[in-house]
Amino acid sequence: MCCYQYVAAALPIVLWLLAGTGFAGTRFAVAGDQDRPLNVVLILVDDLGFMDIGANNPETFYETPHVDRLAASGMRFTAGYGVNPVCSPTRLGIVTGQYPSRYDATNFFCGQRTARFEPAELNCYMPTDLLTLGEVFQQADYTTFFAGKWHLGPEPEHWPENRGFDINRGGWRAGAPYYADDTGYFSPYRNPRLDDGPDGEYLTDRLTRETVVFIREHRDQPFFAMFSLYQVHTPLRAPQELIDKYRAKAEKLGLDDQPAFSTNEEQVWPDAGARRTRILQSHPVYAAMVESMDLAVGAVLDELEAQGLAENTIVVFTSDDGGLATSEGHPTSNRPLRGGKGWLYEGGLRIPFIIRAPGVTEPGSTCDTPVLHTDLFPTLLELTGQPLRGDDHLDGSSITALLRGDETAFDRERPMYWHYPHYSNQGGFPSGAIRIGEWKLIERYEDGRVHLYNTDEDLSEQRDLAAAHPERVESMRRKLHEWYRQVDAKFLRRAAGPEPWRPE
């Protein structure tokens, strides 16, 4: 159920604007202007874990005062979920409101790895006939803007400027700024949708400036801005002064002398040996990347306030999947959540989820009703007065009632589904899952084994209750299999050995 938590004192507002982005134009107030449609700013961070922000985890090693300020001014969902444990599928779900399994877009584009079995067929682009949030707002005479990571198709026809965004700064096929010389987070960017800046310019700073300038230049007209940071995805790179700050902090707190890893996670890769999982937040470069992300959020919030737009702009803050804890440098810990990116445990699916809707959300409120990224599409349309047409919100449900604090008008027991028929490079096993209320069932695709957890009582998913609740397992599994059929879900294929399991 939803509850309200009021902050005793607001966090100080720290003005952070990059050089050359001073205030321009006349300030004006638009709060209560019924003739002016609400603006929307959707901030999407890459691979940011649920436990990585102070609003969710007061004990976090990282410093996120601006994200926390946003949470203190809106509603924070404590059970917000991505629709997939990796990036591309979740992004499709956000911009279309639909489950990516409908389009066989079930892994990052384009990742196929074989272990005991071949993975399911994978479509590596978002179909061009799907209606996107950008197109909906574009048709409603909003100016639409995209900055940062897109990763929804290899060719220009799939990129933001051809999927409903008037302006595209940096969105193309790449899922991360990887280059052989390992300098992708610093200019020259080698990005066909972003001009290079001065040598050494930091990518997040640049994308932040582009977003701030867009808001300033379009303050007199309705806009939809999607600020999709490449941060905090690997490669782990950040400004040196911030890295030095967190190295000193870790040393001062004695974290550099504490065990940072566990080797207890189960294995799915043949002969892989023990897999390390980070259990302590102490990585100085990752911490620096988190702070840089937080400064970007602060700059956007400050610009909205400076232009008199804060009371006329919906702000959404979320991540595409859980924090990276089990591979690729093991930069963060999701504890007490189990696993991380690439896994259907809570560490891979539960993500930061904050919405500030002026006149709707109570400042400092929280809600523990489970919500999903596909809910954003119908919610933003309802909040801005846009009509739902046909199957625009095929899989999502508007959570506007929850934002108003009306828990009785929303079905807390509605099923939510996940489908990941792949071998994650983070170590996760091919699986599906369903959550109904506090119960979550995970089904393994190699052999059909199931696990049942009560996520309210066992957030760490350590107590498998499947044997104790066979009727619940059967009921939830039946619903999950019905959903597989509805979305035409694909499954593992035979490699060299026996046939893999198939749902009934």
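Glu474 is partly exposed in this predicted model, with a relative accessible area of 45%. Its side chain meets that of Arg478 in a salt bridge, at 3.7 Å from N to O. Arg478 is likewise partly exposed, and its relative accessible area is 45%. Both residues belong to helix 10 (residues 470–487), where they sit four residues apart, about one turn of the helix.

**Salt bridges**

The structure holds 30 salt bridges. Side chains of opposite charge can pair when their charged atoms come close. Three of these pairs are set out below.

| Pair | N to O distance | Exposure |
|---|---|---|
| Asp46 and Arg91 | 3.6 Å | both buried |
| Arg412 and Asp368 | 3.2 Å | Arg412 partly exposed, 25%; Asp368 partly exposed, 32% |
| Arg478 and Glu474 | 3.7 Å | Arg478 partly exposed, 45%; Glu474 partly exposed, 45% |

The side chains of Asp46 and Arg91 meet in a salt bridge. Asp46 is found in the loop between strand 2 (39–45) and helix 1 (65–73), while Arg91 is part of helix 2 (residues 87–96), so this pair ties together parts that are 45 residues apart in sequence. Asp46 and Arg91 are both buried.

Arg412 forms a salt bridge with Asp368, and their closest N and O atoms are 3.2 Å apart. Here both partners come from loops: Arg412 from the one between helix 9 (400–403) and strand 14 (416–420), Asp368 from the one between strand 12 (365–367) and strand 13 (371–372), so the pair ties together parts that are 44 residues apart in sequence. Arg412 has a relative accessible area of 25% and is partly exposed. Asp368 also counts as partly exposed, at 32% relative accessibility.

Salt bridges also link residues into a network, made up of Arg169, Glu201, Arg206, Arg209 and Glu210.

**Helix 5**

Helix 5 (residues 240–253) has 14 residues. From its first C-alpha to its last it reaches 20 Å, close to the 20 Å expected at 1.5 Å a residue. Its buried residues are Leu242, Ile243, Tyr246 and Ala250. Seen down the helix axis, the buried residues of helix 5 fall within an arc of 100°, so they line one face of the helix. Helix 6 (284–306) is among the parts that cover them. On the other side of helix 5, the residues Glu241, Glu251 and Lys252 are exposed. After helix 5 comes Gly254, which has a positive phi, near 75°.

**Strands 16 and 17**

Strand 16 (residues 439–444) and strand 17 run antiparallel and are joined by five bridges. Across this pairing, Glu443 stands opposite Val450 in strand 17. The two strands form a hairpin with five residues between them, and in this hairpin Gly448 takes a positive phi near 80°.

In strand 17 (residues 450–454), five of the five residues are buried, so the strand is largely enclosed by the rest of the structure. Val450, Leu452 and Asn454 point one way from strand 17, whereas His451 and Tyr453 point the other way. The residues on both sides are buried.

How values were computed: Residues numbered from 1 in each chain as written. Predicted model: local features only at pLDDT ≥ 70, side-chain atom pairs only at ≥ 80, totals over all residues. Heavy atoms only, no water. Buried < 20%, exposed > 50% of the residue type's maximum accessible area, 1.4 Å probe, protein only. Pairing = 2+ DSSP bridges. Expected span 1.5 Å × (residues − 1). Arc of directions from axis to C-beta. Contact = heavy atoms within 4.5 Å. Salt bridge = Lys/Arg side-chain N within 4 Å of Asp/Glu carboxyl O.
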